[in-house]
Structure formats: C-alpha cells, structure tokens
Amino acid sequence: MSAGHSPHLPPLASGPGGTDALRPLLTTVLDALAAGAVRRGGPLPAGGPDAVAARVADALGDVLPDTGDPDALRTLVQALAEGAADPADPLCAAHLHCPPLAVATAADLAASALNPSLDSWDQAPAASALEAVVARALAGAAGLADALVTTGGTEANQLALLLAREAHGGSVRLVCGAGAHHSLPRAAWLLGLPDPVVIPAPDGTLDPAALDGALSTLSGPLLVAATAGTTDAGLIDPLPDIAALCAAHGVRLHIDAAYGGGLLFSDRHRDKLAGLDAAHTVTLDLHKLGWQPVAAGLLAVAHPHELAPLQQRADYLNADDDTDAGFPDLLGRSLRTTRRPDILKIAVTLGTLGRDGLGALVDQVCALAREFAALVREHPGFALYDRPDISTVLFRPAEADDTAVATARRRLLYEGRAVLGRARLDGRLWLKATFLNPHTRRDDLARLLTLVELAALAEGSTPG
Ligand SMILES: Cc1ncc(COP(=O)(O)O)c(C=O)c1O
C-alpha cells in the first residue's frame, strides 16, 4: 500500500486514510441532516417554490467561489434537508417515492466510496460478480432467467421495447392500456416504433375483452405491455388472462411491475402477480416497493439470448483477447457505459432483511392503505375511488369540485403540512395517497384525513 494522503490536498474517500477522512465528514453530514429536518419541521418545506428557491440560493452563495469554504458540506446538506420532501414523514405520501432503509443507504455510501464502475471488470471486479448473481436471483424470483440493472422503471421499459424491436423488427407496435406508464409510449417514440395502440381502461385496468378485440384486428408484430401496479391507482392488470391472450395470438408480452414487483416478497400478496412469469420481459423497481435509495431498477428477461443486440466492442473496455481469457464482458449488460454498483445496496437489503423481513414491510404498507381506505369510506365527507390493490388510495372530499380538490392539495403543499398526489380517473380529479412508509401509524392516517378536510374547508385561494 502507498503512503497516506497528502495533507495539502483534499482527502480521498478510499485508499489509505479514506475511512479516517470520511468519519468526521459523516458526522457533519448526519448532524446537518438532523438540523435541516428540525428547521423544516414537517413533511415539506413551507412557503412554496419561491421561498424554497430563495433559501437554497441563500445557502449556496457563490456557486464557484475563488476560495473554497470547508463548511459547504454542512451548509448545503442542511439546506437540502430543510428543503426536502421527506418520504419518511408519514404525511409525505404522494408518489412512489419510498423512504430508503438505513441499511441500504449505508451500503450506498460504500458504493460511493469505492466507486466501482460496471463497464469493465477491471473497474469493478467484485461488484460485477455480485451484480451477475443478484440480478439473476431477482429475475428468478419473478420467474424469469436474468436481469439487467437500470436507473429505474423508465430505463427498464425502454430496454423492454428495444429488445422487442430487435426481436421482431422496427414495425413492432406497442399495445397498452390507458393506465400504462407514460415511459412506454415515450420509449416507442424514442425507438422510432409505430404509434402505440392505447386501449381505453375506464376501470383503471387493461380489459381482456378489449385487448382480445384489438389483437384480433391488428396486424404485424405486436408487443402487449401490461401493468402490475398502475402509477395512478396501484391497480394490477389481469395478468393471467392477458398472458393467455398473448399466447393465443402469438404476441410478445412485457409486464411493467415497477410498483407491484415488490409483492413478490410477500407470502400474503405474491399471488396477485400470478402470470408474471409468462412475460418475455418484466420491469422491476426497488426504489418503489423495495425501500432503496434511487436508483434501483431492473429489467428481467425470460430469454437471455435476446440480450445479444446489446453487445458492443470497445477495445479499452472489453478487448476480444481479454474476453477470450475469461474476463467478464460487461458492456452488453446496459446501454450506459459508466454505471454505479446499485446492486450493492439491493444485495445488502435482501441479505439483511431476508424474504420475511421485506415481505413484512410489504404487508405493512398494504395494510396501512386498507386502513386508510376504511377511514375514508367511513367518513361522510369523503368519497373513495376503490379498494386498494397494493398501497395506493384515491379519495376526494365528496362535495368539492375538481378545482377545489386541486386547490386543497396545493394549499397543503404551500403550508408544508402534507404531500399528496393527484390522479384523474373516472373523469374526476382524485387525491392520491401512496403508502410506502411502514412506520406510519394509525393516528397518522387519521391526521392526514383531517388535514385534507381542513384544507378543503379553508376559505380563499392558495398563493400562486
Ligand atoms: C408503473 C410504473 N412504471 C414505470 C415508472 C417509471 O419509473 P422510474 O421513475 O423509476 O423511471 C413508474 C414511476 O412511477 C411507474 O409507476
């Protein structure tokens, strides 16, 4: 090992002295996170976008000062924490934006310190071995053969369409329900595929009869994309029926399980994903129902030979003679070149919690959603959209029009009291609560409903 760090240069995170240099900085970071959270005092900073931007500008000062400030770490981490939407606050429940587990976040620090890059074995010897095994195991849990690690559901959906195009040609046409994630039609556009066929989904899920009708009339190669956990309502398309129709019509099936994929960990809820293993490709995303810090996506594939079109040669990364000598070729595992070892935090989480531990978290957030739905149903002032399939509840003040619903939501955001999402279904605007925080308690649910009630009753318009 070489000598320690030069005292005249900023210390490095790894190498000799790396951990010693990091330790006091981590104390600074943790103190600043705590101080920022106290200053915020709720799920979201109060005051709306202008107030937040002004506080950030104030903390930032000169972006690139002539002379640096050793206190920048404390100042900016505290500003970011003060201005954060904190998914660990029970009243922050808008999006598929999970509170990351402490153990996963700690593992992610190790990934940053070691900085393996998964574009060649000589930058990531252990990380590449870990990724190969863990990705395959996760694919196996979904009933598929292998998986590529992605930055999330969007990249996984894009890859799914790319693989479909490579398997069936550039005329392959996406067929999806109206509730499918926008990244699917966007990927079709990006890849130069024909305009997608979007099947109306008035009940929120892809109707097998309507799909059958479409598949019977359309010609040319098709890719059906079903969703296990819609973004707006957390609904699961009837996967076994859809899989049977795809088999009968001889068309390819992709299932976007970015949200619902986490149900695989739960003995109680896994059956809702029956049919997943019939797909050619499946999107998984553990920064939703998997409690990972962003990014933690995967695309599982049933037929690994279909990954062949992703192969690339770049002599500096995977020269033929290196590959022939047995060095793993990583370039064909992604469209990216430099890649973080996001698999480390995932592997640490799986190993630390086990299937039971993760399943218990899944069960807990699903139970919270059912309890919240029951509170809404029992309250005469609110309407409930439907029973939750996973952990999303859509509801609205019964007497309010859409403008009042939107205004109440924004009022809560401006005041920093609660973070709720919105979704348009049934031709009406709904408030959306997405429960991903297993630490949320029953009285938090009641508090959330009361806050909405008060916001809906409040007189006058919201600033901005
Ligand atoms: C069903 C579904 N698919 C894909 C995505 C995109 O995932 P990401 O934001 O990780 O790219 C989302 C995001 O919410 C989603 O809900």
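**Close-up views of the predicted model**

**View A. Thr-392 is a buried residue, because 29 C-beta neighbours lie inside 10 Å of its own position and the threshold for burial is 20 or more.** The view, like those that follow, is taken from a predicted model. Thr-392 belongs to strand E9, which covers residues 392-397. Leaving out residues up to four places away in sequence, Thr-392 touches Ala-233 and Gly-234, and also Ala-369, Lys-432 and Thr-434. Ala-37, by contrast, is 355 residues from Thr-392 in sequence and 26 Å from Thr-392 in space, C-alpha to C-alpha.

**View B. Fifteen residues surround the ligand, and Gly-152, Gly-153, Thr-154, Thr-231 and Ala-258 come nearest.** Among the elements that supply this shell, helix H6, made of residues 153-168, gives the most, with three residues. Sorted by class, the shell around the ligand holds 10 polar residues, three nonpolar residues and two charged residues.

**View C. Leu-298 sits in strand E7 and is buried, because 33 other C-beta atoms lie within 10 Å, where 20 or more are needed.** When residues up to four places away in sequence are not counted, Leu-298 touches Ala-135 and Leu-138, the run of Ala-147, Leu-148, Val-149 and Thr-150, and also Ala-156 and Leu-284. Ala-258, which is one of the residues that come nearest to the ligand, lies 8.6 Å from Leu-298 in space, C-alpha to C-alpha, although the two are 40 residues apart in sequence.

**View D. The loop between strands E6 and E7 contains Trp-291 and also Ala-295.** Strand E6 covers residues 281-285 and strand E7 covers residues 297-301, and Ala-295 is placed in the loop that joins them. The peptide bond that runs from Val-294 to Ala-295 is cis, with an omega near 10°. In the loop between E6 and E7, Trp-291 has a positive phi of about 60°, although Trp-291 is not a glycine. Is Trp-291 buried or exposed? With 28 other C-beta atoms within 10 Å, Trp-291 is buried.

**View E. Asp-426 occupies the loop between strand E10 (421-425) and strand E11 (428-434).** The phi angle of Asp-426 is near 65°, which is a positive value in a residue other than glycine. Asp-426 counts as partly exposed, because its 13 C-beta neighbours inside 10 Å fall between the limit of 12 or fewer for an exposed residue and that of 20 or more for a buried one. How far apart in space are Asp-426 and Pro-202, C-alpha to C-alpha? The distance is 6.7 Å, whereas 224 residues separate Asp-426 from Pro-202 in sequence.

**View F. Val-224 lies in strand E4, residues 222-227, and counts as buried, with 29 C-beta neighbours inside 10 Å.** With its neighbours within four places in sequence left aside, Val-224 is in contact with Val-175, Leu-211, Ile-242, Cys-246, Val-251 and Leu-253. Glu-399 provides a distant reference point, being 175 residues from Val-224 in sequence and 39 Å from Val-224 in space, C-alpha to C-alpha.

**View G. Helix H12, made of residues 343-378, is bent.** The bend of H12 is about 90° and is found at Gly-354. Although H12 has 36 residues, its end C-alpha atoms are only 43 Å apart, which falls short of the 52 Å that a straight helix would reach at 1.5 Å a residue.

**View H. Domain 1 and domain 3 of the protein chain are in contact.** The domain assignment divides the chain into domain 1 (43-61 + 73-84), domain 2 (105-352) and domain 3 (354-457). The C-alpha centres of domain 1 and domain 3 are 27 Å apart, and six residues of domain 1 are in contact with six residues of domain 3. On the side of domain 1 that touches domain 3, the residues comprise four nonpolar, two polar and no charged.

Note on methods: Residues numbered from 1 in each chain as written. Predicted model: local features only at pLDDT ≥ 70, side-chain atom pairs only at ≥ 80, totals over all residues. Near = placed C-beta within 6 Å. Helix = DSSP H or I, 4+ residues; strand = E, 2+ residues; numbered from the N terminus. Nonpolar A, V, L, I, M, F, W, Y, C, P; charged D, E, K, R; others polar. Domains from an automatic or database assignment. Contact = placed C-beta atoms within 7 Å. Expected span 1.5 Å × (residues − 1). Bend = angle between axes of the 7 residues up to and from the residue.
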